[in-house]
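User: I would like to go through this model term by term, asking each time what justifies the label that is used. Please set each value against its criterion before you conclude.

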Amino acid sequence: MAEESISQSEEIPEACPHCGNKLSPWQQVLLATDRALVCKKCWYRIILDVIPTAKKTDSDKSKNEGPK
Ligand SMILES: [Zn+2]
């Protein structure tokens with residue numbers, strides 16, 4: 001039925017949205033992994049705005065629990 005079985009719904013850009021520089025497959029892998037990639041042509045930081053449901057509350061550590 002469905003020929004295109006796209007398991008990954010992530011949208012990895014094939015090119016830099018800023019300067020249009022085509023990303024190499026390896027760069028796309030890095031982008032998919034790190035969710036961020038700096039274009040080597042224009043130094044534009046490509047960031048996947050797909051934020052996973054990982055709401056890290058690192059700043060929550062500021063709770064004042066003084067060590068005894
Ligand atoms: Zn670029």
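**The zinc site and its surroundings**

User: What makes residues of the protein donors of the zinc ion?

Analyst: Cys16 (SG), Cys19 (SG), Cys39 (SG) and Cys42 (SG) lie 2.3 Å from the zinc ion, and donors are defined as N, O and S atoms within 2.8 Å of the metal (3.2 Å for Na, K and Ca), with the caution that water is not among the atoms, so sites may look incomplete. These SG atoms are therefore counted as the protein donors of the zinc ion. Along the sequence, the donor residues follow the spacing C-x2-C-x19-C-x2-C. As to the basis of all this, the model is predicted, so that local features need pLDDT of at least 70 and side-chain atom pairs count only at pLDDT 80 or more, whereas totals for chains, interfaces and linings use all residues. Residues are numbered from 1 along each chain as its sequence is written, and side-chain values use heavy atoms, with hydrogens and water left out.

User: Why is the arrangement of the four donor atoms around the zinc ion called tetrahedral?

Analyst: The angles that the four donor atoms subtend at the zinc ion run from 108 to 111°, and four donors count as tetrahedral if all angles lie between 85 and 135 degrees; the arrangement is therefore tetrahedral. For reference, the ideal angle for four tetrahedral donors is 109.5 degrees.

User: How do you know whether Cys16 and Cys19 are buried or exposed?

Analyst: The criterion is relative accessible area, where buried means under 20%, exposed over 50% and partly exposed in between (1.4 Å probe, protein chains only). Cys16 has 2% relative accessibility and so counts as buried, whereas Cys19, with a relative accessible area of 31%, is partly exposed. Cys19 is placed in the segment before H1, and, leaving out residues up to four places away in sequence, Cys19 touches Cys39, Lys41 and Cys42 (contact means heavy atoms within 4.5 Å).

**The helix and the core**

User: What makes up the secondary structure of the protein, and how are its elements defined?

Analyst: The protein has one helix and two strands, in the order α-β-β along the sequence; helices (H or I, at least four residues) and strands (E, at least two) are DSSP runs, numbered from the N terminus.

User: What puts the buried residues of H1 on the same side of the helix?

Analyst: The buried residues of H1 are Gln27, Gln28 and Leu31. They cover an arc of only 100° around the axis, which puts them on the same side of H1, the arc being that of the directions from the helix axis to the C-beta atoms. On the other side of H1, Pro25, Trp26 and Thr33 are exposed, while the cover over the buried residues of H1 includes strand S1 (36-38) and strand S2 (45-47).

User: Why is Gln27 called buried?

Analyst: Its relative accessible area is 13%, so Gln27 is buried. Gln27 lies in helix H1 (residues 25-34) and, with residues up to four places away in sequence not counted, touches Lys22, Leu37 and Lys40.

User: Which residues form the largest nonpolar core, and what makes them a core?

Analyst: The seven residues are Cys16, Leu23, Leu31, Leu37, Cys39, Ile46 and Leu48. A nonpolar core is a set of buried Ala, Val, Leu, Ile, Met, Phe, Trp, Tyr and Cys residues joined through side-chain atoms within 4.5 Å. Leu31, leaving aside neighbours within four places in sequence, is in contact with Ile12, Pro13, Leu23, Ala36, Leu37, Ile46 and Leu48. In soluble globular proteins, nonpolar side chains tend to be buried together.

**Loops and strand S1**

User: What is notable about the phi of Arg35 and of Trp43?

Analyst: Arg35 has a positive phi of about 60° although it is not a glycine, and the phi of Trp43, also a residue other than glycine, is near 60°. Most residues other than glycine have a negative phi. Arg35 is found in the loop between H1 and S1, and Trp43 in the loop between S1 and S2.

User: Why is Trp43 called exposed, but Arg35 and Val38 partly exposed?

Analyst: Trp43 has 64% relative accessibility and therefore counts as exposed. Arg35, at a relative accessible area of 25%, is partly exposed, and Val38, at 32%, is partly exposed as well. Val38 is found in strand S1 and, apart from neighbours within four places in sequence, is in contact with Trp43, Tyr44 and Arg45.

Key: Tetrahedral: all angles 85-135°; square planar, octahedral: opposite > 155°, others 65-115°.
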